[in-house]
Amino acid sequence: DKKFSKINQVELDDVYAYVSVTYPDAPIYQPVNTIGVDRNTKHHVLVASVLETGKVLKLGKSCFHIHHKYKNLRRGFQKAGKLRKVRDIKNRESRIVKDINHKTTTALVNFAKEQNACIVLENLEGIRQTAKQRKKNKGQRYSLHSWSFYQQMQMIEYKSKKLGVSVHFVEPNYT
């Protein structure tokens, strides 16, 4: 994509050349529709619905499975004392989840652009401290602390800025 306005930095490596560029912000269009986005820890990671038409987009169903698969693998390696393998498995899991987040957020922002809509997200700041957790339900605690909602929010913000889609935040109570 050669629509950048300025080259900031160029770094050369043995194999790669890293080029940092600046893109101009797309003009934010006046939205006709509103997309409400529910970010979940279980089942689908993002569920987006156009409030005016009722269209629903469900994304990232495999994330819950990925977290539990790698949690169980790490548990086995931890018991066996293979700590390097534990670290490698954790890194692999985070790369897979980051890839899923990239794909789901790109699909969400493109969907918003197609629907000529703005995106409304829950403001989940401090959710790990304020969410009620049962002491008996360790699965809920694990899913809350392995949830990458902040990474999703950052990706949605910079991708929507590039396409001119506006993003708004609301309190998550009763949404």
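Student: In this predicted model, which residues of the largest nonpolar core touch the most other members?

Tutor: The model is predicted, not an experimental structure. Its largest nonpolar core holds 26 residues. The members of this core that touch the most others are Ile-35, Val-37, Leu-108 and Ile-119.

Student: Which element gives the most residues to this core?

Tutor: The elements that each give two or more residues to the core are β3, β4, β5, α1 (63-80), α2 and β6. The element that gives the most, with eight residues, is α2.

Student: Which residues does Val-37 touch, not counting residues up to four places away in sequence?

Tutor: Val-37 is one of the core residues that touch the most other members. With residues up to four places away in sequence not counted, Val-37 touches Leu-46, Val-47, Ala-48, Leu-108, Ile-119, Val-120, Leu-121 and Glu-122.

Student: How many helices and strands are there in the protein?

Tutor: From the N terminus on, the elements run β-β-β-β-β-α-α-β-α-α-α-β. In total, the protein has five helices and seven strands.

Student: In what order do the strands of the five-stranded open sheet lie?

Tutor: The pairing in this open sheet is mixed. The order of its five strands is β5-β4-β3-β6-β7.

Student: Which strands form the edges of this sheet?

Tutor: The order of the sheet is β5-β4-β3-β6-β7. An edge strand here pairs on one side only. The strands that do so are β5 (56-59) and β7 (167-170).

Student: By what angle are neighbouring strands of this sheet turned against each other on average?

Tutor: The value is an average over neighbouring strands of the sheet, with direction ignored. It is 25°.

Student: In β6, which residue is the bridge partner of Ile-35?

Tutor: Strand β3 (residues 33-39) pairs with strand β6 (residues 117-122) in the parallel sense, over four bridges. In β6, the bridge partner of Ile-35 is Ile-119.

Student: Which strands of the sheet does helix α2 touch?

Tutor: Helix α2 spans residues 83-114 and packs on the sheet. The direction of α2 makes about 165° with that of β5. The strands touched by α2 are β3, β4 (46-50), β5 and β6.

Student: What angle does the direction of helix α5 make with that of β7?

Tutor: Helix α5 (residues 149-163) also packs on the sheet, where α5 touches β3, β4, β6 and β7. The direction of α5 and that of β7 make an angle of about 145°.

Student: Are α1 and α2 roughly parallel or roughly antiparallel to each other?

Tutor: The axes of α1 and α2 are 9 Å apart, and these helices pack at an angle of about 175°. Angles over 145 degrees count as roughly antiparallel. Therefore α1 and α2 are roughly antiparallel.

Student: What term describes how α2 and α5 are oriented to each other?

Tutor: The axes of α2 and α5 come within 9 Å and cross at roughly 40°. Roughly parallel requires an angle under 35 degrees, and roughly perpendicular one of 65 to 115. The crossing falls in neither range, so α2 and α5 are oblique.

Student: Is the crossing of α2 and α5 left-handed or right-handed?

Tutor: The helices α2 and α5 cross at roughly 40°. The crossing in which α2 passes α5 is right-handed.

Student: Is Ser-160 buried or exposed?

Tutor: Ser-160 lies in helix α5. Among the residues that Ser-160 touches is Val-109. Its relative accessible area is 2%, and because buried means under 20%, Ser-160 is buried.

Student: What is the relative accessibility of Asp-38?

Tutor: Asp-38 is found in strand β3. With residues up to four places away in sequence not counted, Asp-38 touches Val-45, Leu-46, Val-47 and Glu-122. Asp-38 counts as partly exposed, with a relative accessibility of 30%.

Student: What distance separates the C-alpha atoms of Asp-38 and Leu-121?

Tutor: Along the chain, Asp-38 and Leu-121 are 83 residues apart. Their C-alpha atoms are separated by 7.0 Å.

Student: What is the phi of Asn-116?

Tutor: Asn-116 is found in the loop between α2 and β6. Asn-116 is partly exposed, with a relative accessible area of 28%. Although Asn-116 is not a glycine, its phi is positive, at about 55°.

Terms used: Residues are numbered from 1 along each chain as its sequence is written. This is a predicted model: local features need pLDDT of at least 70, side-chain atom pairs count only at pLDDT 80 or more; totals for chains, interfaces and linings use all residues. Side-chain values use heavy atoms; hydrogens and water are left out. Two strands pair if DSSP finds at least two bridges between them. Axes are lines fitted to C-alpha atoms, for helices over the stretch in contact, and angles run from 0 to 180 degrees between N-to-C directions. Contact means heavy atoms within 4.5 Å. Buried means under 20% relative accessible area, exposed over 50%, partly exposed in between (1.4 Å probe, protein chains only). A nonpolar core is a set of buried Ala, Val, Leu, Ile, Met, Phe, Trp, Tyr and Cys residues joined through side-chain atoms within 4.5 Å. A crossing is left-handed if the near helix is turned anticlockwise from the far one by less than a right angle, and right-handed if clockwise.
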